[in-house]
Amino acid sequence: MTGRLARLGCAVGVCVVLAGCTSDGGDEPRESASAKKNGASASPSPSPTEVVDISPARLPNTRAQADVLIRDVLPGPSDFGPGAVRRTPYESDPLRWPVLGDECVWEQRALPKGVLATLTRSYEVPAGDGRGPLRLSAVVTVHRTPEQADWENAEVLEEMMRCPEQMLRSDELITNLRNVPASFGESGNEFAEDSLTELGSYTSTAKGLGGTNPYIWEQTRIGQFTLAVSAKGAKGWSQADLFDRLRDPHVGMRSRLRTAIERDPSGPGGDTKGDTKGNTRGDRR
């Protein structure tokens, strides 16, 4: 494996098989970019070969530019399949950032200096046909450097080991977490410098959720950007159902990001500053 994320996983013996990377216990922490601290005790390694031929001229330099790009990359409800709608609130506070506190409880804090912009959107497939409400989310974060984005991915593993059980809200709990990291070229990852799948159990006292259900958080890093989707299950929803709902939105996010930041071979020197909005489709805004 290459990159800090891979080295961290191997060092603690958690990168063996899909069921590996386990702990004894177990977001919307992740409901807004996997809550990260801005810094760590070791130095991150250089990024591996970029999977996108990024044009520096097309990268956002200000918070306003990053916000425009984020809103275009994020999916709309229809991208999550039949029946998906907006949850309320639909968008997170763009000036806040989730952090896993010392008591393993997620809390919102001000954005760290290393984050240019971030935004989470929340969705739901309402209860029906014998199933409870499926809660979904997508988040895009623009860091100031690829190294800072690398730290974000790596800290997902650190958080799992530090807090085998994590409280999202007073009525929501994640347990039995197991993380599966993959650097570029490993485990089918041909689309990002790093990818990470976090699996676990989700328990909520909210009406209709039906006790303990599957939980999935998927995150990828491309340069200074992290993209993530999550699903918190409910009665009648299998883990396979959750993966099915997350696949297309995650692929679409990566595709739209590539369109927005990759070098334009038809431009002068192959490096024309283009419209950072990329392609649009569905009901995104």
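Hi everyone, let's start in a strand: S230 sits in β10, which covers residues 225–232. Strands here are DSSP runs of E with at least two residues, helices are runs of H or I with at least four residues, and both are numbered from the N terminus. Is S230 buried or exposed? With a relative accessibility of 1%, S230 counts as buried; the word buried stands for under 20% relative accessible area, exposed for over 50%, and partly exposed for what lies in between, using a 1.4 Å probe and protein chains only. Its C-alpha atom is 8.7 Å from that of Q219, and the two residues are 11 apart along the chain.

A quick word on what we are looking at. This is a predicted model, in which local features need pLDDT of at least 70 and side-chain atom pairs count only at pLDDT 80 or more, while totals for chains, interfaces and linings use all residues. Residues are numbered from 1 along each chain as its sequence is written, and side-chain values use heavy atoms, with hydrogens and water left out.

Now the overall picture. The chain has 4 helices and 10 strands. Going along the sequence, they follow the order α-α-β-β-β-β-β-α-β-β-β-β-β-α. There are 285 residues, and 54% of them count as buried. The exposed surface of the chain is about 11800 Å², with carbon and sulfur atoms supplying 52% of it; these areas come from the Shrake-Rupley method with a 1.4 Å probe, and for residues only the protein chains shown count as cover.

Next, the cysteines. How many disulfides are there? The count is 1, where a disulfide is a pair of cysteine sulfur atoms within 2.5 Å. The partners are C104 and C163, with their sulfur atoms 2.1 Å apart. They link distant parts of the chain: C104 is in the loop between β2 (96–100) and β3 (106–110), C163 is in the loop between α3 (146–162) and β6 (166–169), and 59 residues separate them. The torsion about the S-S bond of C104 and C163 is about -80 degrees, so this disulfide is left-handed. C104 is buried at a relative accessible area of 16%, and C163 is buried too, at 0%.

Since C163 follows α3, let's look at that helix. Its 17 residues should span 24 Å at 1.5 Å a residue, and the end C-alpha atoms of α3 are indeed 24 Å apart; the expected span is 1.5 Å times one less than the number of residues. There is a bend in α3 of about 25 degrees at A154, meaning the angle between axes fitted to the seven residues ending there and the seven starting there. The buried residues of α3 include W151, A154, L157 and M160.

On to the aromatics. A pair of aromatic rings is described by the distance of the centres and the angle of the planes. Rings of Phe, Tyr and Trp (its six-membered ring) pair if their centres lie within 6.5 Å; planes under 30 degrees apart are stacked, over 60 edge-to-face, and the rest tilted. By that rule we have 2 aromatic pairs. For F80 and Y123, the ring centres are 4.4 Å apart and the planes meet at 40 degrees, so this pair is tilted. F80 is in the loop between α2 (63–73) and β1 (85–91), while Y123 is in strand β4 (residues 115–125), so the pair ties together parts 43 residues apart in sequence. For Y90 and Y123, the centres are 5.8 Å apart with the planes at 85 degrees, so that pair is edge-to-face. Y90 is in strand β1 and Y123 in β4, so here the parts tied together are 33 residues apart in sequence. F80 and Y123 are both buried, as are Y90 and Y123. Together, F80, Y90 and Y123 make one aromatic cluster.

What lies over the face of W237? That would be R131, at 4.0 Å from the ring centre; a charge sits over a ring if NZ of Lys or CZ of Arg is within 6 Å of the ring centre and within 35 degrees of the ring normal.

Finally, some backbone details. The peptide bond from T88 to P89 is cis, with omega near 0 degrees, and P89 belongs to strand β1. D129 is not a glycine, yet has a positive phi of about 55 degrees. You'll find D129 in the loop between β4 and β5 (134–143), exposed at a relative accessible area of 83%. N176 also is not a glycine and has a positive phi of about 55 degrees. N176 is in strand β7 (residues 172–183) and is partly exposed, at 37%. Thanks for listening!
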